[in-house]
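Work through the exercises below with the model open. Each task is followed by its solution.

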Amino acid sequence: MPDGGLSFPLTEPPEPGTAAEIADGVLWCRLPLPMRLDHVNVFALDDGDGWTVVDTGLDWKRCREAWEALLSGPMAGKPVTRVIVTHHHPDHIGLAGMFIDRGAELWTSRTAYLMTRMLVLDEEALPSERSLDFWRGAGMAPGMLEKRAQERPFNFADIVAPIPAGYRRIAAGDTIEAGGRTWDVLTGHGHAPEHLTFWARGEPLVIGGDQLLPSISPNLGVYPNEPLDDPVGAWMDSCRALLPAAEPDQLVLPGHKLPFRGLPARLVQMIDNHVEALDRLRAHLAEPRTAVDCFRPLFGREIDESAFGLALGEAVAHVNHLYLRGEAVRERREDGAWLWRLA
């Protein structure tokens with residue numbers, strides 16, 4: 001099924017608790033998520049006497065149930081001896097602690113390990129003043145700001161099991177052995193810092209996590225702890241850096257949606273998507289705007305409250321990119337919101 005240079009050899013994903021053998025010794029499994037993006041793909045690589053699992057889903061009852069069905073069914077009761085995590089987001093590292101408690105070893109990037117350890121401990125009953133100031137600065141409406149100030153915010157600890165001290169570091173340029181293959185490690189940035197991807201030697205097979213998705217763009221968000229971050233620039237630079245390794249016939253195993261072929265075209269498409277969004281934003285910033293005022297040109301639709309936080313972080317990311325490149329300037333409005341306009 002082609003889609004702008006992409007093709008999808010498998011059009012039916014496995015149900016939770018079941019698996020599809022997508023290559024020799026490589027199982028594709030899908031876990032449920034309690035959100036609009038309602039699933040995450042995870043992969044099990046057969047090491048003979050045990051399994052290497054790539055990504056884990058959330059620490060959530062339905063993910064745990066799916067794993068128990070997988071372990072006793074398609075994974076034939078063999079133990080998970082190693083968990084590889086592509087990046088620190090909860091739907092990818094949330095249940096790593098469960099497998100570690102059962103004897104598995106954690107392999108991931110230093111950034112993913114340290115971010116997870118830090119964020120699990122950073123638990124808040126109410127949003128911090130720093131968070132409120134960040135939302136105010138982005139132009140969140142006073143009514144929504146007041147409402148959110150009284151609500152328990154998202155906490156990593158709600159859906160991520162603690163991981164203990166000690167892990168095996170994976171870094172760009174490393175090679176690992178798993179599933180009867182040698183994999184070269186390349187990293188990307190923007191969606192998550194030091195995001196790991198794995199490229200099989202001698203076989204057109206790539207494990208892409210959220211760095212290499214077929215039909216959706218991963219969120220490129222800015223958060224209160226790094227309010228002047230530039231994930232948009234990091235993302236486009238990463239896509240360009242991965243292009244020399246990409247080949248049309250590689251089967252890419254993504255963190256969400258369907259496995260696909262046509263990676264070179266997809267990388268170019270992902271760069272172009274943000275280039276075009278930035279062009280629309282430049283036109284919009286002919287007049288001073290808050291980041292929230294930029295939702296329509298960036299996303300082309302109304303943003304409801306369930307997606308508001310992610311959209312706010314991504315809008316800030318795009319205005320930050322222009323600001324840090326010297327293309328935009330900003331000034332504080334009396335209510336604390338930043339107004340951005342072209343320089």
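**Exercise 1.** Among contacts between residues at least 6 apart in sequence, what share joins residues at least 24 apart?

Solution. Take contact as heavy atoms within 4.5 Å. Residues at least 24 apart then account for 64% of those contacts in the chain. This is a predicted model: local features need pLDDT of at least 70, side-chain atom pairs count only at pLDDT 80 or more, and totals for chains, interfaces and linings use all residues. Residues are numbered from 1 along each chain as its sequence is written, and side-chain values use heavy atoms, with hydrogens and water left out.

**Exercise 2.** Place Arg266: which helix holds it, and which residues does it touch?

Solution. Start with the helix. Arg266 sits in H8, residues 263-284; helices are DSSP runs of H or I with at least four residues, numbered from the N terminus. Next, the contacts. Beyond its neighbours within four places in sequence, Arg266 contacts residues including Leu6, Phe260 and Asn273. Leu213, Pro214, Ser215, Ile216 and Ser217 are also among them.

**Exercise 3.** Is Arg266 buried or exposed?

Solution. Apply the cut-offs: buried is under 20% relative accessible area, exposed over 50%, partly exposed in between (1.4 Å probe, protein chains only). Arg266 has 3% relative accessibility, so it counts as buried. Now the whole chain: 52% of its 343 residues count as buried.

**Exercise 4.** What does the C-alpha trace span along its principal axes?

Solution. Read off the spans: about 65 × 45 × 35 Å.

Terms used. Helix = DSSP H or I, 4+ residues; strand = E, 2+ residues; numbered from the N terminus.
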